[in-house]
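These are my notebook entries on a structure that was new to me. I set down what I looked up, one topic at a time.

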Protein chains: 2
Amino acid sequence: MEPREIRHLIRKGKFKKNTTGLAPGYVQANLVVLPKREAFDFFLFTQRNPKSCPVLDVTDTGNPIPAFLAPDADIRTDLCLYRIYQKGKLTSEVEDITSYWQDDMVAFLLGCSFTFEAALERNGIALRHTRAGKNVAMFITNRPCKAAGIFHGPLVVSMRPLPRKKLVEAVRITSRYPAVHGSPIHIGKPSDLGINDIFKPDFGDPIDILSHEEPVFWACGVTSQAVALQAKIPLMITHAPGYMFISDIKDSYYFIH
Amino acid sequence: MEPREIRHLIRKGKFKKNTTGLAPGYVQANLVVLPKREAFDFFLFTQRNPKSCPVLDVTDTGNPIPAFLAPDADIRTDLCLYRIYQKGKLTSEVEDITSYWQDDMVAFLLGCSFTFEAALERNGIALRHTRAGKNVAMFITNRPCKAAGIFHGPLVVSMRPLPRKKLVEAVRITSRYPAVHGSPIHIGKPSDLGINDIFKPDFGDPIDILSHEEPVFWACGVTSQAVALQAKIPLMITHAPGYMFISDIKDSYYFIH
């Protein structure tokens, strides 16, 4: 199915699963919706932290249409599952945010690691967590993001164990996709990032590291949600983990030759 | 001289020339200063039009320090010459904007073609306008930018005549510098862009096109100033043409391998 068809099914409530593996070849995106009052500083935060928060599209104030990523979409209805946060607390998970939408809302759509993971797989670099049907392991690091107004906090990373003989290729391939987190921020020794126990992730599922592998760390989109939550803004809406926005733009659009 | 030394001379009023050719190897930037009220939509405009408006740094509201490009700089004093626009009209040119600065000001620093021009020259592609000590020729096209709030208008381009045998190399080299306008947006026939007389630029100096050359068009930073002027905002401050902000960041930082 094409992205448009999937979005229409979701809008009608006829599709409710997570979006992993759906519409292969098309970019999926993280969603963060904020009132305009906080949106400028959040925008600044993304500009200063492009590896964790690569901006793919920003909607006009009060307009739910992501005109670049999918001009016929409505971000209030076209994701399967949303999370509502009030003053930094998760207050509910809903399938439609129309009733929460306000005239001053701005939606940010941020690049997601699905795009570079697909590129790694296409190039013969298997990812064990996806093959096992697990979430990627994510960790809060000791590296501060660059602050912007009320938004500040540590960088969150995702970790994928890769064979040592694939490390160079993994860096080369992902560096060509700066709009979806780009190259890793670290290879090897987790304690260099302040991670004490690599088998106890802060988010997602744990994964073994085999003797021929090294842990490889990428900046993670969860960073932006974490700093937004910490800022305790009155209302913030995100996608629920794994239930991404499916765009009309192909992965290849963001590949730099 | 290092960028820092040049900025200190400028700050003390001891250097007053344009910055062409200064601090070779370091990034120079366009400056646009706006009140916060208009800054969000302008930020959106840059995000939607990255080839004409590549953002290198955005200051915190009311803070004149461009923390990424030069943490010891002050954008109110460290450029030689500024332009003050009120309601879309140029009202004065000044050497210091401290008296115009307000607590709600936001400064945008945008990539400038000096960086890719240096890369072209390093790679054996001579630019006749710089060798003749002239400004590059700039034209208003018939291509609309993507609008954002009050900001909308046509794309402005700069044109450099290049030998046909150098066209491929010129595209290849400049495409590696997306943060400073990147690859050209058009090669050849000016009328494809709605340009009727290639020898009568809208801004800058005219230049001949020789029989072995084609005109090559790049998105131009003047676009952002043009749309901001058209929006007739109460107060807007820019650098004066040719009097750029000199940063501590090397050109090579923005090169994509």
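Entry 1: a definition. Before turning to helix pairs I note the terms: angles under 35 degrees count as roughly parallel, over 145 as roughly antiparallel, 65 to 115 as roughly perpendicular, and the rest as oblique. I also note that this is a predicted model.

Entry 2: helices across the two chains. I looked up how helix H2 (residues 36–48) of chain A packs with helix H2 (residues 36–48) of chain B, and I found an angle of about 45 degrees with the axes 10 Å apart. H2(A) and H2(B) are therefore oblique to each other. I recorded their crossing as left-handed. On the side of H2(A), the residues that meet H2(B) are A:Lys36, A:Ala39, A:Phe40, A:Asp41, A:Phe43, A:Leu44 and A:Gln47. H2(B) brings B:Lys36, B:Ala39, B:Phe40, B:Asp41, B:Phe43, B:Leu44 and B:Gln47 to this meeting. I sorted the residues of the contact into eight nonpolar, two polar and four charged.

Entry 3: the interface as a whole. How many residues does the contact take from chain B and from chain A? I found 23 residues from chain B and 23 residues from chain A. The area buried between the chains is about 1700 Å², and carbon and sulfur atoms give 57% of it. I then asked which three residues supply more than any other three of the area that chain B buries against chain A. They are B:Phe40, B:Phe43 and B:Gln47, which supply 36%.

Entry 4: salt bridges. Side chains of opposite charge can pair when their charged atoms come close. I found two salt bridges between chain B and chain A. A:Arg48 and B:Asp60 meet through their side chains in a salt bridge, at 2.9 Å from N to O. My search of the whole structure gave 28 salt bridges over all chains. I also looked up A:Glu213, which forms a salt bridge with A:Arg128, their closest N and O atoms being 2.6 Å apart. A:Glu213 lies in strand S9 (residues 213–219) of chain A and A:Arg128 in helix H4 (residues 128–131) of chain A, so the pair ties together parts 85 residues apart in sequence.

Entry 5: a helix pair within chain B. Helix H3 (residues 114–122) and helix H5 (residues 167–175) of chain B pack at about 130 degrees, with axes 10 Å apart. H3(B) and H5(B) are therefore oblique to each other, and I recorded their crossing as right-handed. H3(B) makes the contact with B:Phe116, B:Ala119 and B:Leu120, and H5(B) with B:Ala170, B:Ile173 and B:Thr174. I counted five nonpolar residues, one polar and no charged in this contact of H3(B) with H5(B).

Methods:
Residues numbered from 1 in each chain as written. Chains lettered and ligands numbered in written order. Predicted model: local features only at pLDDT ≥ 70, side-chain atom pairs only at ≥ 80, totals over all residues. Heavy atoms only, no water. Axes fitted to C-alpha atoms, helices over the stretch in contact; angles between N-to-C directions. Helix = DSSP H or I, 4+ residues; strand = E, 2+ residues; numbered from the N terminus. Left-handed = near helix turned anticlockwise from the far one by under 90°. Contact = heavy atoms within 4.5 Å. Nonpolar A, V, L, I, M, F, W, Y, C, P; charged D, E, K, R; others polar. Buried area = accessible area lost by both parts, 1.4 Å probe. Salt bridge = Lys/Arg side-chain N within 4 Å of Asp/Glu carboxyl O.
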